[in-house]
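Work through these exercises with the model open beside you. Try each task before you read its solution.

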Amino acid sequence: MEKRVVLELRGRSPSQIKELNLDNCRSTNIVGLSDEYTKLEILSLNNVGLTTLKGFPTLPKLRKLELSDNRISSGLDFLKGCKKLTHLNLSGNKIRDLETLQPLKEIEKLRVLDLFNNDVTNIEDYRVKVFALHPSIKYLDGYDPDDREGEDSDAEEDEVEELNGNNDSEEDLDIDLSSLFIDDDSLSERPPETSPSLLISLYTVCGLLFHMGYLLRNSDVEDEEDDDDDDDGDMSLSAVYRDNLEEESSSSSLFEGSDEEEEEDEDDDNNENDAETVHNTKAKEGEVNARDPEESTRGKKRKHEDEDEN
């Protein structure tokens, strides 16, 4: 057991240990534990082979002690130094009579006791006698005096300890929580004029609602103005676009007019050319016609000559 204790310390001092598990380490008596474990809250010694608790140290903050599956038959008075012990598991040991349990009376905060698989459980009215022996015990072998099972008895007892102010962590921190509590008497002595009336509260709520509505209306007006600005911008752009179209159309009409003038000029030139060609043809026809009488007179002279010769 002593080597196991050193191993579980892991280089820490005994005064820093709050939980120690020594299950299955073989020893017939307590070895390696001392009064230096001043902050130890949970100690487990299951299936170690203990025959006695002689030499069990004084552990002022021990709340839970596991001693199941050993060979303990007496010597529970060595647990007197554990004043804050609330859970004690002695199942699977050699306890045979109620007199062996007498020293547990001095552990006033004991709430949960487990004696399952001990010879003492065979005594007639065993449960009634144990509850009568120690009235502070709430659960015996997992059941309360009315045979109701206490499944979460451990957690419940821990909560009770915390609510009763017996939590060791609060003692270690040494924090004064009195300033956080409200005195009901001081509230009742409070002058009525210092407390806000219902009418003032209603006025305050109405004022807040009115202010919120005012802010919402302003935001709507700003949104409408922004929309109007956007519409003006769109109209100005459309107007500019129409002006550009009109300028383009006017310029195109000018070009069309110039094209028509050019076409008219071309038509005039073509008409003049046609007139010249007609005049030329007429002149040529006149020349031909002028030439034809001469040729005809020449032909007539040739005929008279031919006749005279004949």
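## Exercises on a predicted model

**Exercise 1. Decide whether Cys25 and Cys206 are buried, partly exposed or exposed, then give the number of disulfides.**

This is a predicted model.
Step 1. Take Cys25. Its relative accessibility is 7%. The limit for buried is under 20%, so Cys25 counts as buried.
Step 2. Take Cys206. Its relative accessible area is 49%. Exposed needs over 50%, so Cys206 is partly exposed.
Step 3. Count pairs of cysteine sulfur atoms within 2.5 Å. The count of disulfides is zero.

**Exercise 2. Describe the layout of the protein chain.**

Step 1. Count the elements. The protein chain has six helices and six strands.
Step 2. Read them in sequence order. The pattern is α-β-β-β-β-β-α-β-α-α-α-α.
Step 3. Look at burial. Of the 310 residues, 25% count as buried.
Step 4. Turn to the surface. The protein chain exposes about 22,000 Å², and carbon and sulfur atoms supply 49% of that area.

**Exercise 3. Find the residues with the most contacts inside the largest nonpolar core, and the element that gives the most to this core.**

Step 1. Start with the core. The largest nonpolar core has 43 residues. Leu43, Leu45, Phe56 and Leu88 have the most contacts inside it.
Step 2. List the contributors. Helix 1 (2-9) and helix 2 (126-133) are the elements that give two or more residues to this core.
Step 3. Pick the top one. Helix 2 gives the most, with four residues.
Step 4. Zoom in on Leu88. Leaving out residues up to four places away in sequence, Leu88 touches Leu65, Leu67, Leu79, Leu104, Leu110, Val112, Leu113 and Asp114.

**Exercise 4. Show which residues of helix 2 are buried and what they pack against.**

Step 1. Name the buried residues. In helix 2 these are Tyr126, Val130, Phe131 and Leu133.
Step 2. Check their directions. They cover an arc of only 160° around the axis, so they sit on the same side of helix 2.
Step 3. Turn to the face pointing away from the buried side. That face carries the exposed residues Val128 and Ala132.
Step 4. Find the partners. The buried residues of helix 2 pack against strand 5 (112-114) and strand 6 (139-140).

**Exercise 5. Place Ser91 and list its contacts.**

Step 1. Locate Ser91. It lies in the loop between strand 4 (87-89) and strand 5.
Step 2. Test its burial. Its relative accessible area is 13%. The limit is under 20%, so Ser91 is buried.
Step 3. List the contacts, leaving out residues up to four places away in sequence. Ser91 touches Leu67, Ser68, Asp69, Asp114, Leu115, Phe116 and Asn118.

**Exercise 6. Examine the salt bridges of Arg63 with Glu41, Asp119 with Arg96, and Asp146 with Arg148.**

Step 1. Note the total. The structure holds seven salt bridges.
Step 2. Take Arg63 and Glu41. Their side chains meet at 3.5 Å, N to O. Arg63 is in the loop between strand 2 (42-44) and strand 3 (64-66), while Glu41 is in the loop between strand 1 (19-21) and strand 2. They are 22 residues apart. Both are buried.
Step 3. Take Asp119 and Arg96. The N to O value is 3.7 Å. This pair links distant parts of the chain, 23 residues apart. Asp119 is partly exposed at 39%, whereas Arg96 counts as exposed at 52%.
Step 4. Take Asp146 and Arg148. Their salt bridge spans 3.4 Å, N to O. Both residues are exposed. Asp144, Asp146 and Arg148 are linked in a network of salt bridges.

Methods. Residues are numbered from 1 along each chain as its sequence is written. This is a predicted model: local features need pLDDT of at least 70, side-chain atom pairs count only at pLDDT 80 or more; totals for chains, interfaces and linings use all residues. Side-chain values use heavy atoms; hydrogens and water are left out. A nonpolar core is a set of buried Ala, Val, Leu, Ile, Met, Phe, Trp, Tyr and Cys residues joined through side-chain atoms within 4.5 Å. Buried means under 20% relative accessible area, exposed over 50%, partly exposed in between (1.4 Å probe, protein chains only). Contact means heavy atoms within 4.5 Å. The arc is that of the directions from the helix axis to the C-beta atoms. Accessible areas come from the Shrake-Rupley method with a 1.4 Å probe; for residues, only the protein chains shown count as cover. A salt bridge is a side-chain nitrogen of Lys or Arg within 4 Å of a carboxyl oxygen of Asp or Glu.
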